[in-house]
Amino acid sequence: PNQTWKVIEVEGPVPSLYCLAVVRPGYELDIMQESLLRAPASRNDLGIFACDDFDLFSASKLHVGTHHRAGDVWTWPFKQAYVGTSKDGTAGNAQLFIHLWDAVRSVGKYKWYEWTCKADPDAVIIPTRLRSHLSSHTAHTPMYFTNCNAYPSNPAFLMMYGPLEVFSTEAIVKYFATKSVCTHMNFWSWGEDVYMQECMRRLGVPGVYDANLVGNDGCGYKNCHEDWKASFHRFKSKYAWMECWDQAHR
(Lines give C-alpha, C1' and ligand atoms only; values in the text may rest on other atoms or scores of the structure.)
Protein backbone atom coordinates (compact mmCIF):
# COMPACT_ATOMS: atom_id res chain seq x y z
CA PRO A 1 0.00 0.00 0.00
CA ASN A 2 2.93 2.39 0.67
CA GLN A 3 4.74 1.58 -2.58
CA THR A 4 5.00 4.10 -5.41
CA TRP A 5 3.82 2.73 -8.75
CA LYS A 6 5.04 4.00 -12.10
CA VAL A 7 2.68 6.10 -14.19
CA ILE A 8 3.85 6.01 -17.81
CA GLU A 9 2.82 9.06 -19.79
CA VAL A 10 1.69 8.63 -23.40
CA GLU A 11 1.72 11.66 -25.70
CA GLY A 12 -1.59 12.82 -27.09
CA PRO A 13 -4.96 11.33 -26.22
CA VAL A 14 -4.85 8.40 -23.82
CA PRO A 15 -7.94 6.24 -24.52
CA SER A 16 -9.25 4.09 -21.72
CA LEU A 17 -8.98 0.31 -21.99
CA TYR A 18 -11.09 -2.49 -20.59
CA CYS A 19 -9.23 -5.76 -21.08
CA LEU A 20 -10.46 -9.32 -20.63
CA ALA A 21 -9.26 -12.87 -21.10
CA VAL A 22 -10.54 -16.42 -20.81
CA VAL A 23 -8.27 -18.41 -18.50
CA ARG A 24 -7.92 -22.15 -18.08
CA PRO A 25 -6.03 -23.95 -15.29
CA GLY A 26 -2.51 -24.77 -16.42
CA TYR A 27 -0.03 -22.44 -18.11
CA GLU A 28 -2.70 -19.79 -18.80
CA LEU A 29 -3.54 -19.44 -15.12
CA ASP A 30 0.20 -19.64 -14.31
CA ILE A 31 0.87 -16.62 -16.56
CA MET A 32 -1.89 -14.57 -14.95
CA GLN A 33 -0.77 -15.47 -11.44
CA GLU A 34 2.88 -14.71 -12.17
CA SER A 35 1.92 -11.36 -13.69
CA LEU A 36 0.26 -10.36 -10.42
CA LEU A 37 3.08 -11.77 -8.29
CA ARG A 38 5.78 -9.86 -10.16
CA ALA A 39 4.00 -6.51 -10.14
CA PRO A 40 4.86 -5.33 -6.58
CA ALA A 41 8.60 -5.92 -7.06
CA SER A 42 8.66 -4.02 -10.35
CA ARG A 43 6.12 -1.40 -9.17
CA ASN A 44 4.53 -1.76 -12.58
CA ASP A 45 1.51 -3.74 -13.72
CA LEU A 46 2.06 -6.44 -16.32
CA GLY A 47 -0.09 -7.41 -19.30
CA ILE A 48 -3.82 -6.80 -19.13
CA PHE A 49 -3.49 -5.80 -15.48
CA ALA A 50 -2.03 -2.51 -16.77
CA CYS A 51 -5.31 -1.69 -18.54
CA ASP A 52 -7.68 0.78 -16.88
CA ASP A 53 -9.80 -2.17 -15.81
CA PHE A 54 -9.81 -5.89 -16.45
CA ASP A 55 -11.71 -9.11 -15.94
CA LEU A 56 -10.80 -12.76 -16.25
CA PHE A 57 -13.33 -15.46 -17.14
CA SER A 58 -13.20 -19.23 -16.71
CA ALA A 59 -15.29 -22.38 -16.46
CA SER A 60 -15.35 -22.15 -12.66
CA LYS A 61 -14.46 -19.45 -10.15
CA LEU A 62 -10.69 -19.31 -9.60
CA HIS A 63 -8.57 -17.15 -7.34
CA VAL A 64 -5.78 -15.61 -9.41
CA GLY A 65 -3.99 -13.35 -6.96
CA THR A 66 -4.00 -9.81 -5.61
CA HIS A 67 -3.89 -6.55 -7.56
CA HIS A 68 -2.80 -3.30 -5.93
CA ARG A 69 -5.94 -1.45 -7.10
CA ALA A 70 -8.54 -4.19 -7.48
CA GLY A 71 -7.63 -6.29 -4.44
CA ASP A 72 -8.30 -10.03 -4.72
CA VAL A 73 -8.63 -11.09 -8.34
CA TRP A 74 -11.13 -13.86 -9.06
CA THR A 75 -12.30 -15.14 -12.40
CA TRP A 76 -15.92 -14.83 -13.48
CA PRO A 77 -17.40 -18.25 -14.26
CA PHE A 78 -19.39 -18.39 -17.49
CA LYS A 79 -21.43 -20.90 -19.44
CA GLN A 80 -19.32 -23.44 -21.30
CA ALA A 81 -19.79 -25.05 -24.73
CA TYR A 82 -18.25 -27.83 -26.76
CA VAL A 83 -15.05 -26.80 -28.55
CA GLY A 84 -14.28 -28.71 -31.72
CA THR A 85 -11.92 -27.98 -34.61
CA SER A 86 -12.59 -25.02 -36.86
CA LYS A 87 -12.45 -24.99 -40.65
CA ASP A 88 -8.95 -23.49 -40.29
CA GLY A 89 -7.71 -26.25 -37.99
CA THR A 90 -7.85 -24.05 -34.92
CA ALA A 91 -10.27 -24.28 -31.99
CA GLY A 92 -13.91 -24.21 -33.11
CA ASN A 93 -14.88 -22.12 -30.12
CA ALA A 94 -17.38 -19.60 -31.50
CA GLN A 95 -20.23 -20.85 -29.31
CA LEU A 96 -18.05 -20.74 -26.21
CA PHE A 97 -17.15 -17.12 -26.87
CA ILE A 98 -20.73 -16.17 -27.60
CA HIS A 99 -21.29 -17.21 -23.99
CA LEU A 100 -18.21 -15.22 -22.98
CA TRP A 101 -19.56 -12.03 -24.52
CA ASP A 102 -22.86 -12.65 -22.73
CA ALA A 103 -20.87 -12.76 -19.49
CA VAL A 104 -19.03 -9.55 -20.43
CA ARG A 105 -22.40 -7.89 -20.90
CA SER A 106 -23.59 -9.12 -17.51
CA VAL A 107 -20.49 -7.81 -15.74
CA GLY A 108 -21.03 -4.51 -17.53
CA LYS A 109 -17.67 -2.81 -17.13
CA TYR A 110 -17.15 -2.35 -20.87
CA LYS A 111 -19.55 0.61 -20.77
CA TRP A 112 -17.15 2.66 -18.67
CA TYR A 113 -14.23 2.64 -21.11
CA GLU A 114 -13.49 3.67 -24.69
CA TRP A 115 -12.04 0.38 -25.95
CA THR A 116 -12.73 -3.26 -25.09
CA CYS A 117 -9.78 -5.57 -25.72
CA LYS A 118 -10.05 -9.36 -25.60
CA ALA A 119 -6.61 -10.91 -25.16
CA ASP A 120 -5.36 -14.47 -25.07
CA PRO A 121 -3.59 -15.27 -21.79
CA ASP A 122 -0.49 -16.41 -23.68
CA ALA A 123 -0.22 -13.06 -25.47
CA VAL A 124 2.11 -10.43 -24.02
CA ILE A 125 -0.08 -7.31 -24.11
CA ILE A 126 1.56 -3.92 -23.55
CA PRO A 127 -1.30 -1.49 -22.82
CA THR A 128 0.86 1.67 -22.93
CA ARG A 129 1.73 0.84 -26.54
CA LEU A 130 -1.80 -0.26 -27.33
CA ARG A 131 -3.11 3.14 -26.25
CA SER A 132 -0.72 4.87 -28.64
CA HIS A 133 -2.03 2.69 -31.49
CA LEU A 134 -5.64 3.52 -30.63
CA SER A 135 -5.44 7.19 -29.70
CA SER A 136 -5.89 8.58 -33.21
CA HIS A 137 -8.86 6.26 -33.83
CA THR A 138 -10.81 7.11 -30.67
CA ALA A 139 -13.80 8.68 -32.39
CA HIS A 140 -16.57 7.19 -30.22
CA THR A 141 -18.08 5.39 -33.20
CA PRO A 142 -18.47 1.64 -33.86
CA MET A 143 -15.08 0.30 -34.96
CA TYR A 144 -12.85 -2.76 -34.65
CA PHE A 145 -9.30 -3.63 -35.67
CA THR A 146 -7.93 -6.19 -38.09
CA ASN A 147 -4.34 -7.19 -37.44
CA CYS A 148 -3.30 -9.90 -39.91
CA ASN A 149 -2.76 -9.91 -43.67
CA ALA A 150 -0.73 -13.09 -44.07
CA TYR A 151 -2.34 -13.97 -47.41
CA PRO A 152 -3.32 -10.76 -49.25
CA SER A 153 -4.80 -12.66 -52.21
CA ASN A 154 -7.15 -14.60 -49.91
CA PRO A 155 -10.55 -12.87 -49.63
CA ALA A 156 -10.71 -13.87 -45.94
CA PHE A 157 -7.95 -11.36 -45.25
CA LEU A 158 -7.58 -8.72 -43.77
CA MET A 159 -8.53 -10.58 -40.63
CA MET A 160 -8.84 -10.06 -36.92
CA TYR A 161 -6.41 -12.53 -35.40
CA GLY A 162 -7.55 -13.80 -32.02
CA PRO A 163 -4.61 -13.11 -29.67
CA LEU A 164 -5.70 -9.47 -29.44
CA GLU A 165 -9.16 -8.32 -30.49
CA VAL A 166 -9.92 -4.62 -30.14
CA PHE A 167 -13.38 -3.06 -30.33
CA SER A 168 -14.64 0.42 -29.58
CA THR A 169 -17.27 0.51 -26.86
CA GLU A 170 -19.77 1.61 -29.49
CA ALA A 171 -19.05 -1.56 -31.50
CA ILE A 172 -19.67 -3.74 -28.44
CA VAL A 173 -22.88 -1.85 -27.65
CA LYS A 174 -24.04 -2.45 -31.22
CA TYR A 175 -23.16 -6.15 -30.94
CA PHE A 176 -25.21 -6.56 -27.78
CA ALA A 177 -28.15 -4.65 -29.25
CA THR A 178 -28.28 -6.71 -32.47
CA LYS A 179 -26.59 -9.97 -31.46
CA SER A 180 -29.28 -12.12 -33.05
CA VAL A 181 -28.03 -11.05 -36.49
CA CYS A 182 -24.77 -12.78 -35.62
CA THR A 183 -26.02 -15.81 -33.72
CA HIS A 184 -28.14 -16.76 -36.73
CA MET A 185 -25.00 -17.11 -38.84
CA ASN A 186 -23.70 -20.62 -39.57
CA PHE A 187 -20.77 -20.19 -37.18
CA TRP A 188 -20.33 -23.77 -35.95
CA SER A 189 -17.09 -24.40 -37.85
CA TRP A 190 -15.57 -21.04 -36.95
CA GLY A 191 -13.08 -19.87 -34.38
CA GLU A 192 -14.23 -17.09 -32.12
CA ASP A 193 -12.17 -14.46 -33.92
CA VAL A 194 -13.76 -15.35 -37.27
CA TYR A 195 -17.19 -15.21 -35.64
CA MET A 196 -16.63 -11.72 -34.22
CA GLN A 197 -15.17 -10.38 -37.46
CA GLU A 198 -18.02 -11.76 -39.55
CA CYS A 199 -20.42 -10.37 -36.98
CA MET A 200 -18.87 -6.90 -37.21
CA ARG A 201 -19.17 -7.06 -40.99
CA ARG A 202 -22.82 -8.10 -40.83
CA LEU A 203 -23.52 -5.22 -38.46
CA GLY A 204 -21.79 -2.71 -40.72
CA VAL A 205 -19.02 -1.94 -38.24
CA PRO A 206 -15.90 -0.76 -40.10
CA GLY A 207 -12.54 -2.41 -39.53
CA VAL A 208 -9.23 -0.58 -39.30
CA TYR A 209 -6.05 -2.47 -40.22
CA ASP A 210 -3.00 -2.20 -37.96
CA ALA A 211 -0.18 -4.61 -38.81
CA ASN A 212 1.64 -3.71 -35.60
CA LEU A 213 -1.01 -4.66 -33.07
CA VAL A 214 0.35 -8.21 -32.77
CA GLY A 215 3.70 -9.84 -33.44
CA ASN A 216 2.78 -13.47 -34.02
CA ASP A 217 4.28 -16.56 -35.62
CA GLY A 218 0.84 -17.43 -36.99
CA CYS A 219 0.72 -14.18 -38.96
CA GLY A 220 4.24 -13.16 -39.88
CA TYR A 221 6.70 -13.37 -37.00
CA LYS A 222 7.31 -12.20 -33.46
CA ASN A 223 10.29 -10.37 -32.04
CA CYS A 224 9.81 -9.12 -28.52
CA HIS A 225 12.53 -6.48 -28.99
CA GLU A 226 10.39 -4.53 -31.48
CA ASP A 227 9.19 -1.51 -29.58
CA TRP A 228 6.48 -0.58 -32.08
CA LYS A 229 4.39 -3.73 -31.57
CA ALA A 230 1.55 -3.57 -29.04
CA SER A 231 1.61 -7.30 -28.25
CA PHE A 232 3.36 -10.59 -28.95
CA HIS A 233 1.99 -14.12 -29.16
CA ARG A 234 2.26 -17.06 -28.31
CA PHE A 235 4.03 -18.14 -25.11
CA LYS A 236 3.11 -21.46 -23.56
CA SER A 237 4.76 -21.04 -20.15
CA LYS A 238 5.03 -18.27 -17.60
CA TYR A 239 8.81 -18.28 -18.11
CA ALA A 240 8.56 -17.67 -21.87
CA TRP A 241 5.88 -15.00 -21.32
CA MET A 242 8.00 -13.17 -18.74
CA GLU A 243 11.10 -13.39 -20.92
CA CYS A 244 9.25 -11.65 -23.75
CA TRP A 245 7.85 -9.03 -21.37
CA ASP A 246 11.36 -8.28 -20.10
CA GLN A 247 12.80 -8.12 -23.62
CA ALA A 248 10.08 -5.68 -24.65
CA HIS A 249 10.95 -3.37 -21.75
CA ARG A 250 14.74 -3.27 -22.07
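Q: In which strand of this predicted model does Cys117 sit?
A: Let's start with the placement of this cysteine. Residues 115-119 make up one strand, and Cys117 falls inside that run. The strand is β8.

Q: Is Cys117 buried or exposed, and what is its relative accessible area?
A: Buried means under 20% relative accessible area. Cys117 falls on the buried side of that cut-off, because its relative accessible area is 1%.

Q: Why does Cys117 form no bond with the closest cysteine sulfur, and which residue holds that sulfur?
A: A disulfide needs two cysteine sulfur atoms within 2.5 Å. The sulfur of Cys117 is 4.4 Å from the closest one, which is too far for a bond. That closest sulfur belongs to Cys19.

Q: Which residues does Cys117 touch, not counting those up to four places away in sequence?
A: One group of neighbours is Leu17, Tyr18, Cys19 and Leu20. Further along the chain, the list also includes Leu130. It is completed by Leu164, Glu165 and Val166.

Q: Which residue is joined to Cys19 by a disulfide?
A: Cys19 lies in strand β1 (residues 17-22), and its partner is in the loop between α1 (27-42) and β2 (53-58), 32 residues apart. Cys19 is buried, and so is the partner. The S to S distance is 2.0 Å, and the residue at the other end is Cys51.

Q: What is the handedness of the link of Cys19 and Cys51?
A: Look at the torsion about the S-S bond for this one. The value there is -75°. That link is left-handed.

Q: How many residues apart in sequence are the parts that Cys148 and Cys219 tie together?
A: Cys148 and Cys219 form a disulfide with sulfur atoms 2.0 Å apart. Cys148 is in the loop between β10 (144-146) and β11 (164-168), while Cys219 is in the loop between β13 and β14, so the pair ties together parts whose separation in sequence is 71 residues.

Q: Why is the disulfide of Cys182 and Cys199 right-handed, and what is its torsion?
A: The sulfur atoms of Cys182 and Cys199 are 1.9 Å apart. Cys182 comes from helix α5 (residues 179-183) and Cys199 from helix α6 (residues 192-202). The handedness follows from the torsion about the S-S bond, so right-handed goes with a value of about 70°.

Q: What pattern do the disulfides of the protein follow?
A: The structure holds 4 disulfides. To get the pattern, the bonded cysteines are counted along the chain. It reads 1-2, 3-6, 4-5, 7-8.

Q: How many of the residues of β2 are buried?
A: Take the two faces in turn. Asp53, Asp55 and Phe57 point one way from β2, Phe54, Leu56 and Ser58 point the other way, and all are buried. The strand is largely enclosed by the rest of the structure, because the buried count is 6 of the 6.

Q: Which residue of β2 stands opposite Cys19?
A: β1 and β2 run parallel and are joined by 5 bridges. Together with α1, these strands make a right-handed β-α-β unit. Opposite Cys19 stands Phe54.

Q: In β5, what is the bridge partner of Ser58?
A: Strand β5 (residues 76-77) pairs with β2 in the parallel sense, over 2 bridges. In β5, the partner of Ser58 is Pro77.

Q: Which residue has its backbone oxygen 3.3 Å from a polar atom of the side chain of His67?
A: His67 sits in strand β3 (residues 63-67) and is buried, with a relative accessible area of 4%. Leaving aside neighbours within four places in sequence, the contacts of His67 are Leu36, Asp45, Phe49, Phe54 and Val73. The one whose backbone oxygen lies 3.3 Å away is Phe49.

Q: In what order do β9, β13 and β14 form their open sheet?
A: The pairing in this sheet is mixed. Its edge strands are β9 (124-125) and β13 (215-216), each pairing on one side only. The order is therefore β9-β14-β13.

Q: Over which residues is the pLDDT below 50?
A: The protein averages a pLDDT of 93, and 95% of the residues score at least 70. The stretch below 50 has 14 contacts in the model beyond near neighbours in sequence. It covers residues 5-13.

Notes
Residues numbered from 1 in each chain as written. Predicted model: local features only at pLDDT ≥ 70, side-chain atom pairs only at ≥ 80, totals over all residues. Heavy atoms only, no water. Pairing = 2+ DSSP bridges. Helix = DSSP H or I, 4+ residues; strand = E, 2+ residues; numbered from the N terminus. pLDDT = per-residue confidence, 0-100. Contact = heavy atoms within 4.5 Å. Buried < 20%, exposed > 50% of the residue type's maximum accessible area, 1.4 Å probe, protein only. Polar contact = N/O pair within 3.5 Å; in protein donor to acceptor, adjacent residues only side chain to side chain. Right-handed = clockwise from strand over helix to strand, strands pointing away.
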